[in-house]
Amino acid sequence: MPIYLPEATRTSADTLTPRQIVAELDKYVIGQTAAKRAVSIALRNRMRRQKLPPELAEEIAPKNILMIGPTGVGKTEIARRLARLAQSPFIKVEASKFTEVGYVGRDVESMVRDLVELGVDMVRGERLEEVHAKAGQNAEERLLDLLLPPAHPIAPGEEAPGGRDPQQTRERFREQLRAGRLDGRVVELDVREKSFPSFEIIAGSSIEEVDVNLKDMMPGLFQGRTKKRRMKVPEALQHLIQEEQQKLIDMDSVAKTAVERVEQAGIIFVDEIDKIAGREGAQGPDVSREGVQRDILPIVEVTTVNTKYGMVRTDHILFIAAGAFHVSKPSDLIPELQGRFPIRVELEALGKADFVRILTEPRSALVKQYTALMETEGIELTFTPDAIDRIADFATQVNERTENIGARRLHTVMEKLLDEISFEGPDLAEKIVTIDEGYVDRMLSEIVKNEDLSRYIL
């Protein structure tokens, strides 16, 4: 008997082959074929595991991935797009934010708790969509009750006051409400105040650690009081829809589904893992770094984390770690942690040809973004091919002369290039602007030539 991932993770992504997954990632990330192949195989294996008998599927653990490459080459974007493609709960954490047990700082289990919170939000959002129509109907009825005076019961044989049937009056009001003719009316609602008692929290502690849920212990403190509030009909309708949605959602079921989804389909992206790699012979904070590695190890391996939504097992969560490894190297990680990331891919540094593609090819390419931003001011912005080539050339030069920050350099170059147009945009008389090679040279050449200026400005 095959097992299945919970609910929304069974999507069209289940039918995607590794080649198709790579093609989807190509729409957002330029190059880095090796990394895309690795994550596409990991996602496909997760889909294959769904079709296995439960006793065998339980034994198959995901093959965690270690991405090695400089900053700004697409490590985070690949992982983020993969999670979106699979509709999986996804969280990005930085290894350098965690501290060894006994030190003040975040404990490593918080990454799993945060992932569960995201999973709950994801499932709750799906359930809200499911009940939206029913909640809208209920909210409409409650709003009509507020707009219409209470109807007096009519005795058999007695005529309604004025000869009008209350039901007909209600339907006429319903038509006017839907047509927007009652939008100017003001109604009075009982609104619950969102007041919370103040507590002093000790840094580094968490409610889960002591297994205390204050809301369960003292529900009265967190309910809040109601107060009368006057609001117009459209605002009142939205408020009532939200109230009805909360009534229709079973939060126990949401929490159970979210925990299942995190356990079977969650992805945790651990960035800057090279920052906690200890180096032999080094002194000082490296002892703490190795401690963080030893704390992360059981999370990546197999453990059960206590969250306010229940116990969460981590043995089928996919971990993708990334680091530049400029100073250290993957072998500087403790052997046990190295063994938990069996798949290693090296991402290549980006060059001029990659920058040209990044500027134009992805769905949310920088050129498309800036063109759309200027359209809001009524400005028709056009980039010539030679201008794009020149922008990529300048970004490459600055990366070579100063710190190589990869594709992020394009953001600083584009901002400086369009600084004048962005500032003067609303006041420009000429609304058709063409960015050509001459314009790029005029705006950037002096800055790039002056190394001191380029170091601080670009």
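The following legends describe close-up views of a predicted model.

**View A. A patch of negative charge on the surface.**
Six acidic residues, Glu377, Glu415, Asp419, Glu420, Glu424 and Asp427, gather here in a patch of negative charge on the surface. Helix α17, spanning residues 419-424, gives the most to this patch, with three residues. Asp427 is found in the loop between α17 and β11 (432-435). With a relative accessible area of 62%, Asp427 is exposed.

**View B. The parallel pair of strands β10 and β11.**
Strands β10 and β11 run parallel and are joined by four bridges. Within this pair, Phe383 stands opposite Ile435 of β11. In a regular strand, side chains alternate between the two faces of the sheet. Strand β10 (residues 380-383) has Leu381 and Phe383 on its covered face, while Glu380 and Thr382 make up its uncovered face.

**View C. The hairpin of strands β6 and β7.**
A hairpin leads from β6 to β7 through two residues. The strands run antiparallel, and four bridges join β6 to β7 (residues 310-313). Thr307 stands opposite Gly310 in β7. In strand β6 (residues 304-307), the covered face carries Val305 and Thr307, and the uncovered face carries Thr304 and Asn306.

**View D. Two loop residues with positive phi, Gln32 and Phe325.**
Most residues other than glycine have a negative phi. Gln32, although not a glycine, has a positive phi of about 55°. This residue is found in the loop between α1 (18-26) and α2 (33-50). Gln32 counts as buried because its relative accessibility is 8%, under the 20% cut-off. Phe325 is likewise not a glycine and has a positive phi of about 50°. Phe325 has its place in the loop between β8 (318-323) and α12 (335-339). At 9% relative accessibility, Phe325 also counts as buried.

**View E. The salt bridge between Glu244 and Arg142.**
The structure holds 33 salt bridges. In one of them, formed by Glu244 and Arg142, the closest N and O atoms are 2.8 Å apart. The pair links distant parts of the chain, with Glu244 in helix α9 (residues 233-248) and Arg142 in helix α5 (residues 110-147), 102 residues apart. Glu244 is buried, at a relative accessible area of 7%, whereas Arg142 is partly exposed, at 27%.

**View F. A salt bridge within helix α10.**
The side chains of Glu260 and Lys256 meet in a salt bridge, with an N to O distance of 2.9 Å. Both residues lie in helix α10 (residues 251-265), four residues apart, which is about one turn of the helix. Glu260 counts as partly exposed at 31% relative accessibility, and Lys256 counts as exposed at 55%.

**View G. A salt bridge between helices α11 and α12, and a network of salt bridges.**
Arg294 forms a salt bridge with Glu336, and their closest N and O atoms are 3.8 Å apart. Arg294 lies in helix α11 (residues 286-300) and Glu336 in helix α12, so the pair ties together parts that are 42 residues apart in sequence. Arg294 is partly exposed, with a relative accessible area of 41%, and Glu336 counts as partly exposed at 37%. Elsewhere, Glu140, Glu141, Asp145, Arg170, Glu171, Arg174 and Arg178 are joined into one network by salt bridges that share partners.

Definitions and conventions: Residues are numbered from 1 along each chain as its sequence is written. This is a predicted model: local features need pLDDT of at least 70, side-chain atom pairs count only at pLDDT 80 or more; totals for chains, interfaces and linings use all residues. Side-chain values use heavy atoms; hydrogens and water are left out. Patches are made of residues with over 30% relative accessible area and no salt bridge: like charges are joined within 9 Å, nonpolar side chains (Val, Leu, Ile, Met, Phe, Trp, Tyr) within 5 Å. Accessible areas come from the Shrake-Rupley method with a 1.4 Å probe; for residues, only the protein chains shown count as cover. A salt bridge is a side-chain nitrogen of Lys or Arg within 4 Å of a carboxyl oxygen of Asp or Glu. Lys and Arg count as positive and Asp and Glu as negative; His and the chain ends are not counted. The place of a charge is taken as NZ of Lys, CZ of Arg, CG of Asp or CD of Glu. Buried means under 20% relative accessible area, exposed over 50%, partly exposed in between (1.4 Å probe, protein chains only). Two strands pair if DSSP finds at least two bridges between them.
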